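Reader: I should be grateful for a close look at a single part of a protein, with its surroundings explained step by step. I am in my first year, so please connect each point to the next.

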Amino acid sequence: MALGFVVSLTVLVVCIGLLGTCVICLDRTALKRTATDYDRRLTEISPYVGVTALFFLGKRATHGHSLRLSRALDWDLTAEIYAIEGEFVAVMQDVVPEATLEFFSAMYMFGFPFLLVTALVLYFLLPTQRHLKELLIAYLLNYFIGTLLYTLFIVYGPRNHLSSVDGLMYSFYPQTQEVTAAVSANTNVFPSLHTSLAVVVMLFAWRSREEYPRWFGISSFVTSCVVFSTMYLGIHWLIDVLAGVLLALGSVIGAERIVTRVEGTAGSVPTGEDAIASDASD
């Protein structure tokens, strides 16, 4: 019951956030263009959606095998990570006011899926689908590399390793633990995929700031809160977050190169007024 409630609440909050962002960032022209051109756009992105969907189905099907292989390898890096950064997360929890707990818990649970879903919708509404294609590949690369590292290395988060760190969100909102347990093991810590995927969205928002100048501001704020929350809530180490940022940068670069190899040079992608004019000429 708790799992169904949290999932339903997450969907509702994400939909409200998506609608609000579209109101802020879009105009009627973009919606009209999409309504008259959605079939071509769906056809254009369908190979990328298909590959991404197949990957996630395969990931889900092999999740149990991955966990068993990880336990068999037993390469536990938790002690090494703690030796490098020590009580950083514990100090953070002591310094940050407890009154912010609800806000950062909401950012972790709702802000993260909001970023992933809203970015997909906004880029589908652009005349060119280049950003959307690269974003899908970047998501795939994040999960592929993240899953590989989760399989190779066992790392327990600060809340599981240190008595001085409290799993704040799970202590105050235990029902949220059912959701995270359903999609991830408690050793899936290094790197932080919450960090890497959120940063990926922010990087794409920066690249598309001419088309969506307000989206960059929104995504930057939410991304900063999501990244901070992963440590404040005792879920990830600082090193996990830094590794997540590096993974995000590598995924964006890799996605651009892959799509360029498949589609051709990125220089041919129209932006801003040129994109609108190009779409109108079609």
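Reader: To begin with the whole, what percentage of the 282 residues in the protein is made up of buried residues? After that, please look closely at helix 11 and the helices that it meets.

Author: The model is a predicted one. Of its 282 residues, 48% are buried. The protein has 14 helices and 0 strands, and along the sequence its pattern reads α-α-α-α-α-α-α-α-α-α-α-α-α-α. Contacts between residues at least 6 apart in sequence deserve a remark: 89% of them join residues that are at least 24 apart. Helix 11 offers a detailed example of such contacts, and the account below follows it from the loop before it to its partners.

The approach to helix 11 is a loop, which lies between helix 10 (176-183) and helix 11 (193-207) and contains Pro 191. The peptide bond that leads from Phe 190 to Pro 191 is cis, its omega being near 0°. This deserves notice because most peptide bonds are trans.

Consider next the meeting of helix 11 with helix 12, which covers residues 213-232. Their axes come within 9 Å and cross at roughly 165°. Since angles over 145 degrees count as roughly antiparallel, the two helices are therefore described as roughly antiparallel to each other. Their crossing is left-handed. On the side of helix 11, the contact is made by His 194, Thr 195, Ala 198, Val 199, Val 201, Met 202, Ala 205 and Trp 206. On the side of helix 12, the participants are Trp 215, Phe 216, Ser 219, Ser 220, Thr 223, Val 226, Val 227 and Thr 230. Sorted by class, the residues of this contact comprise 10 nonpolar, 6 polar and no charged.

One of these participants merits individual attention. Thr 230 lies in helix 12 and has a relative accessible area of 0%. The cut-off for a buried residue is under 20%, so Thr 230 is buried. Leaving out residues up to four places away in sequence, Thr 230 touches Tyr 108, Ser 192, His 194, Thr 195, Ile 235, His 236 and Val 241. His 194 and Thr 195 in this list are also among the residues through which helix 11 contacts helix 12.

Helix 13 (residues 238-263) is another partner of helix 11; the two axes come within 8 Å and cross at roughly 45°. That angle is neither under 35 degrees nor within the range of 65 to 115 degrees, and the helices are therefore oblique to each other. Helix 11 passes helix 13 in a right-handed crossing. From helix 11, the residues that take part are Leu 193, Thr 195, Ser 196, Val 199, Val 200, Leu 203, Phe 204 and Arg 207. They meet Val 241, Gly 244, Val 245, Leu 247, Ala 248, Leu 249, Val 252 and Glu 256 in helix 13. By class, this contact has 11 nonpolar, 3 polar and 2 charged residues. Val 241, one of the residues of helix 13 in this contact, is also touched by Thr 230.

Phe 204 leads the account to a further part of the chain. The structure holds 14 aromatic pairs. One of them joins Tyr 123 to Phe 204, with ring centres 6.4 Å apart and planes at 50°, so the pair is tilted. Tyr 123 belongs to helix 6 (residues 101-124) and Phe 204 to helix 11, and the 81 residues separating them in the chain make this a link between distant parts. Both Tyr 123 and Phe 204 are buried. Elsewhere, ring pairs link Phe 103, Phe 104, Phe 221, Phe 228 and Tyr 232 into a cluster.

His 131 completes the picture around Phe 204. This histidine is found in helix 7 (residues 130-152). With a relative accessible area of 8%, His 131 is buried. Apart from its neighbours within four places in sequence, His 131 is in contact with Tyr 123, Leu 126, Phe 204, Arg 207, Ser 208 and Glu 211. His 131 thus touches both members of the tilted pair, Tyr 123 and Phe 204. Arg 207, another of its contacts, is also one of the residues of helix 11 that meet helix 13.

Methods:
Residues are numbered from 1 along each chain as its sequence is written. This is a predicted model: local features need pLDDT of at least 70, side-chain atom pairs count only at pLDDT 80 or more; totals for chains, interfaces and linings use all residues. Side-chain values use heavy atoms; hydrogens and water are left out. Helices (H or I, at least four residues) and strands (E, at least two) are DSSP runs, numbered from the N terminus. Axes are lines fitted to C-alpha atoms, for helices over the stretch in contact, and angles run from 0 to 180 degrees between N-to-C directions. A crossing is left-handed if the near helix is turned anticlockwise from the far one by less than a right angle, and right-handed if clockwise. Contact means heavy atoms within 4.5 Å. Ala, Val, Leu, Ile, Met, Phe, Trp, Tyr, Cys and Pro count as nonpolar, Asp, Glu, Lys and Arg as charged, and the others, Gly among them, as polar. Rings of Phe, Tyr and Trp (its six-membered ring) pair if their centres lie within 6.5 Å; planes under 30 degrees apart count as stacked, over 60 as edge-to-face and the rest as tilted. Buried means under 20% relative accessible area, exposed over 50%, partly exposed in between (1.4 Å probe, protein chains only).
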